[in-house]
Amino acid sequence: MGEVLLNQEIDNESVYSETIAQNLLENSWWTSETSNWTVNSGSVGVEEDESGFMNLTMDSNASCQVNQRVALKPNRCYFVMFDVQVTRYVKGLFGVHFNGNFKSGNPDLGLRRLSQGYETIIGTIQTPETWIHPQLVFAGSIHQADGAGSIRRSLYDLTELYGKGKEPEANEFYSIMPNQQDEFGVYLSIREAFTSLDRKIRQCQNSVYATDKEAEQVFLFEMQNKTELIGMDNTTLKNINGFYADGHLSTSRDLLKLGLHATGYKKILSIWAKKKHRAFVHGKNFREIEVEATVEDEFLEKTYTILGGKSGALGNNVLNSLVLLTDDEGELYLATVMGSSGKTGKTDRYEAMKLLVDTAKQRKTNPTYQPAELFKAKSGSIIVMPKGDPHFFTYSPPESLYSVNETECIPPASVTKLINALVVLDNITNLHETFEIKESDILKGSGPILYEGDIISFWDAFHFLFLPSANTIAKAFSRVVGHKIIQARGYVE
């Protein structure tokens, strides 16, 4: 983004000054419900979507909207941008309407049809020299729209940004405007975004140069530090993905400690709970990708409810699973299975997982109980989840209620990526921030197909990492976050 803006012939003083126009609509992302907006007609609501965005929603057989007064200036050009989603449509317009007689541009922007998710509507409007302000702006179902939909977004003063007669077209401005969001997923104002960009440019001038390989090594070092912090005393990491490598080993007991610590991150739990997720990948190959959870098993789920977890495989001989599950009494268990087989076409790991839980339930009343069935894995452990914040138990996790060879060292495979995720969460506060995939990030194996130049948010990338265990995402995380760690320290280890 910095290169794009620096290549534009824009006066730096006007771009980076503190007088740059900000979003002229108050609370256009509805983060404060409908404050600053007056209900004009109908009944509207504000709902949060799965990405954490707040949206104005309505379901009406007639006009249904909110409004606020905006003090537009005479002889100015304004950029209008709204995300609109229409889930039911009969007639009318879902979007925005600006009161007043404009010199040019359409004061009605929105959709007159059903949409596939949110569609971004952009345009420019120009006020005449005799403009009378302030005027009302309406958001919702306009002109007696009959249907259901939701809406969000912003309004910017291009004349203030660029100067009279230098204002870009709507598409041109949209292509270069900073696409930054704050920690709540709300797009920053133009003033905040350009100021942030200016700060980043100055930081880069004094930044520490590091190669991508150095960044990846720093990231791996942080992963190793994380295992020590959690108390994974019998774990040695040689790579960030969990690929086979001499000495890259862990134990089922260590993976229990890892899983217990991970459940203290609400963002991880929110992703574990999903069976599928739809993501939007931007860049030259814009597309939607839907991924499904791999931690599931029909046999196990006949008796217990899987709440999430992480699986991993190295061929057919090392199949591992770390699973959070519950029984019909609401008791929570965390269990790990390592080194099961899948040669017969059906893995044994979830049969081994069921045996762990069955035995744990028996041992709560009979501590000496021993199962008669064969345990179909090399190693396994299970605990009852302790009450309270799991991080309270990082240094004193509960003893395993039942285990089989729980200190035997076995390759952890892709369960390693859970440690990868913890390092990312410790260093990235805004998961709506985006990053770009490099050719060097792309790895074969599990996960959706990604290409060089794909732009994805950390939030969507986390779903790729957990649900289908994307190798490319783990590699990209190590590069992107590794560089952030280096710049935060001011040096390379």
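Colleague: Which residue stands opposite A335 in β14?

Modeller: That's I382. Bear in mind that this is a predicted model: local features need pLDDT (the predictor's confidence in each residue, from 0 to 100) of at least 70, side-chain atom pairs count only at pLDDT 80 or more, and totals for chains, interfaces and linings use all residues. Residues are numbered from 1 along each chain as its sequence is written, and side-chain values use heavy atoms, with hydrogens and water left out.

Colleague: What is the average pLDDT of the chain?

Modeller: The average is 85, with 87% of the residues scoring at least 70. Over residues 1–21, though, pLDDT is below 50.

Colleague: What makes β13 and β14 a pair?

Modeller: Strands are DSSP runs of E, at least two residues long, while helices are runs of H or I, at least four, and both are numbered from the N terminus. Two strands pair if DSSP finds at least two bridges between them. Strands β13 (residues 332–340) and β14 (residues 379–384) are joined by six, running antiparallel, so they pair.

Colleague: And on the β12 side, what is the bridge partner of V323 in β13?

Modeller: A335 again. β12 and β13 pair in the antiparallel sense over seven bridges, and they form a hairpin with five residues between them. G330 in that turn has a positive phi of about 85°.

Colleague: What makes β11 and β15 edge strands?

Modeller: Each pairs on one side only. The sheet is open, with five strands in the order β11-β12-β13-β14-β15 and antiparallel pairing.

Colleague: How do you know that β12 is mostly covered?

Modeller: Nine of its nine residues are buried, which means under 20% relative accessible area (over 50% is exposed, in between partly exposed; 1.4 Å probe, protein chains only). In a regular strand, side chains alternate between the two faces of the sheet. In β12, V318, N320, L322, L324 and T326 are buried on one side, and L319, S321, V323 and L325 on the other.

Colleague: Why are α6 and α10 called roughly perpendicular?

Modeller: Their axes cross at roughly 100°, using lines fitted to C-alpha atoms over the stretch in contact (heavy atoms within 4.5 Å), with angles from 0 to 180 degrees between N-to-C directions. Under 35 degrees counts as roughly parallel, over 145 as roughly antiparallel, 65 to 115 as roughly perpendicular and the rest as oblique. α6 and α10 are therefore roughly perpendicular.
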